[in-house]
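Biologist: I am new to this structure and would love a close look at one part of it. Could you walk me through it step by step?

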Protein chains: 2
Amino acid sequence: MITNNKNPQSTRERILDAALNIFSRKGYYDTRLDEIVDESATSKGAIYFHFPNKEQLFLALVDQFADLLERRVNEAIVQEEQGIQRVRVALETCLNTFGRYRRPAKILLVQAAGLGNTFEKKRNEVNERFANLIAVNLEESVTVGDIAPLDVEVVAFAWMGAIYEVIIRWVHTGDPEPERIMQTLLPMLLRSVGYEQ
Amino acid sequence: MITNNKNPQSTRERILDAALNIFSRKGYYDTRLDEIVDESATSKGAIYFHFPNKEQLFLALVDQFADLLERRVNEAIVQEEQGIQRVRVALETCLNTFGRYRRPAKILLVQAAGLGNTFEKKRNEVNERFANLIAVNLEESVTVGDIAPLDVEVVAFAWMGAIYEVIIRWVHTGDPEPERIMQTLLPMLLRSVGYEQ
DNA sequence: AAAGCGAGACTGACCAGTCGGTTTGCCAGA
DNA sequence: TCTGGCAAACCGACTGGTCAGTCTCGCTTT
């Protein structure tokens, strides 16, 4: 396991790290590649060696975090038996993960919106992935009889929106704390589909 | 009421109209001022006579729509007596207004996010206005005894997020239709605070 | 004639992306 | 164990297109 670097982290990782920091702080358009170069202590050449362009560098971050989130949710879900319990742990895991990874959350939730059509496509794609995950498990909850039938698609998107907005606010202002979010949002969402804990 | 224009619409309005069209279609950064010039059949000079810069032109649109929305919600609310009924018509009015004004909605909900700090500030400001409106009326519902006590601040933001996300999806894809949104989202949100129609 | 309004050619800062060059790691052959 | 050769990884000065904003001029209205 030999690296060609004095630095323990690979160049690619250093770039991703720096990009995450700056993008999450300034947003896509206000971030200059040269800032990423400085922060990562690499060079333009290195960036363009590892990534085709600025856009793809950004999207790599989005994908990276979306993958992580999905993996965690799936891992958590399979432990539970079908029905509302799966829905609950899915929500818990999302909230937890966002809480633990504030900067990636900001990139995914905030910075990836309103950047033009390429980014919107990506955001839709990611959203659809998660909304679908929720919808499937809600549907199962209905089948299993945990909750009454409802329009799971709309509910799934509404839930995501609710989570996003509260998290975004927390990302911006540090308030309300994850603790409080968990205590209010989780029961509220479950109640919204007619499930009283 | 004499204008110095052959065209019935004032120049300022033509600019705002064109800007709305293009911004909502392409987003802030992908919109060229020259496109707005073409679409509005005016000139750079006219734009810079009426607006200090591109950013302010965009924000003028955001404000314009936020004002409209707030006015409508307030008008609707005063007709009802305090408590959950006010909450219900506030939601109804929001959903209705977004439904009727698709392009402005897109500007407010999508294009104003992720554009850097100036825009985020504005978005927060607008959000806070509406979240507060909701929170106040929820608080009253609690006082009046329509619903059990809860963390109205978190709920308010969660509701806004839920509405936003579903509306955004509709704006993008045309689906689900406002009808369906109304039928699912409204009861769901009310249920989330423990109020069964 | 002066103010109000608008036209549109022009400018210059900015910054993503390029490109010729260097360094490093690795291996084959002697 | 040295050597030379090669490619992958990396460096950073430079470029060229882009576009927000400026500026000068002209028309219209009072």
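Biologist: At roughly what angle do the axes of helix α1 (residues 11-26) of chain B and helix α6 (residues 102-111) of chain B cross?

Modeller: Happy to help, and please keep in mind that this is a predicted model. The axes of α1(B) and α6(B) cross at roughly 50° and come within 9 Å. That angle is neither under 35 degrees nor in the range from 65 to 115, so the two helices, α1(B) and α6(B), are oblique to each other. As for its hand, the crossing of α1(B) and α6(B) is left-handed.

Now look at the residues themselves. From α1(B), the contact takes in B:Leu20, B:Asn21, B:Phe23 and B:Ser24. Facing them from α6(B) are B:Arg103, B:Pro104, B:Lys106, B:Ile107 and B:Gln111. Sorted by class, the contact of α1(B) with α6(B) holds 4 nonpolar, 3 polar and 2 charged residues.

For a second pair of helices, turn to chain A. There, helix α4 (residues 54-78) and helix α5 (residues 84-100) have axes that come within 9 Å and cross at roughly 145°. The crossing of α4(A) and α5(A) is right-handed. Among the residues that meet are A:Leu69 and A:Val73 in α4(A), and A:Val89 and A:Thr93 in α5(A). By class, the contact of α4(A) with α5(A) has 7 nonpolar, 2 polar and 2 charged residues.

The next step is to see how the chains meet. In all, 38 residues of chain A are in contact with 38 residues of chain B. On the chain A side, α6, α8 and α9 each supply at least two residues, and α8(A) gives the largest share, 13 residues. That side of chain A divides into 20 nonpolar, 10 polar and 8 charged residues.

How do the copies relate? A turn of 180° with a shift of 0.0 Å along the axis lays chain A on chain B with an RMSD of 0.0 Å. The two copies are thus related as by a two-fold rotation axis. Because 100% of the interface residues of chain A are also interface residues in chain B, the copies meet through the same surface.

One last stop is B:Ala135, in helix α7 (residues 117-144) of chain B. B:Ala135 has 19 other C-beta atoms within 10 Å; a buried residue would need 20 or more, so B:Ala135 counts as partly exposed. Beyond its neighbours within four places in sequence, B:Ala135 is in contact with B:Val152, B:Glu153 and B:Ala156. B:Val87 lies 48 residues from B:Ala135 in sequence, and their C-alpha atoms are 9.1 Å apart.

How values were computed:
Residues are numbered from 1 along each chain as its sequence is written. Chains are lettered from A and ligands numbered from 1 in the order in which they are written. This is a predicted model: local features need pLDDT of at least 70, side-chain atom pairs count only at pLDDT 80 or more; totals for chains, interfaces and linings use all residues. Helices (H or I, at least four residues) and strands (E, at least two) are DSSP runs, numbered from the N terminus. A residue is buried if 20 or more other C-beta atoms lie within 10 Å of its own, exposed if 12 or fewer, and partly exposed in between; C-beta atoms are placed from the backbone. Two residues are in contact if their C-beta atoms, placed from the backbone, lie within 7 Å. Axes are lines fitted to C-alpha atoms, for helices over the stretch in contact, and angles run from 0 to 180 degrees between N-to-C directions. A crossing is left-handed if the near helix is turned anticlockwise from the far one by less than a right angle, and right-handed if clockwise. Ala, Val, Leu, Ile, Met, Phe, Trp, Tyr, Cys and Pro count as nonpolar, Asp, Glu, Lys and Arg as charged, and the others, Gly among them, as polar. Copies are superposed by least squares on the C-alpha atoms of residues with pLDDT of at least 70 in both. Angles under 35 degrees count as roughly parallel, over 145 as roughly antiparallel, 65 to 115 as roughly perpendicular and the rest as oblique.
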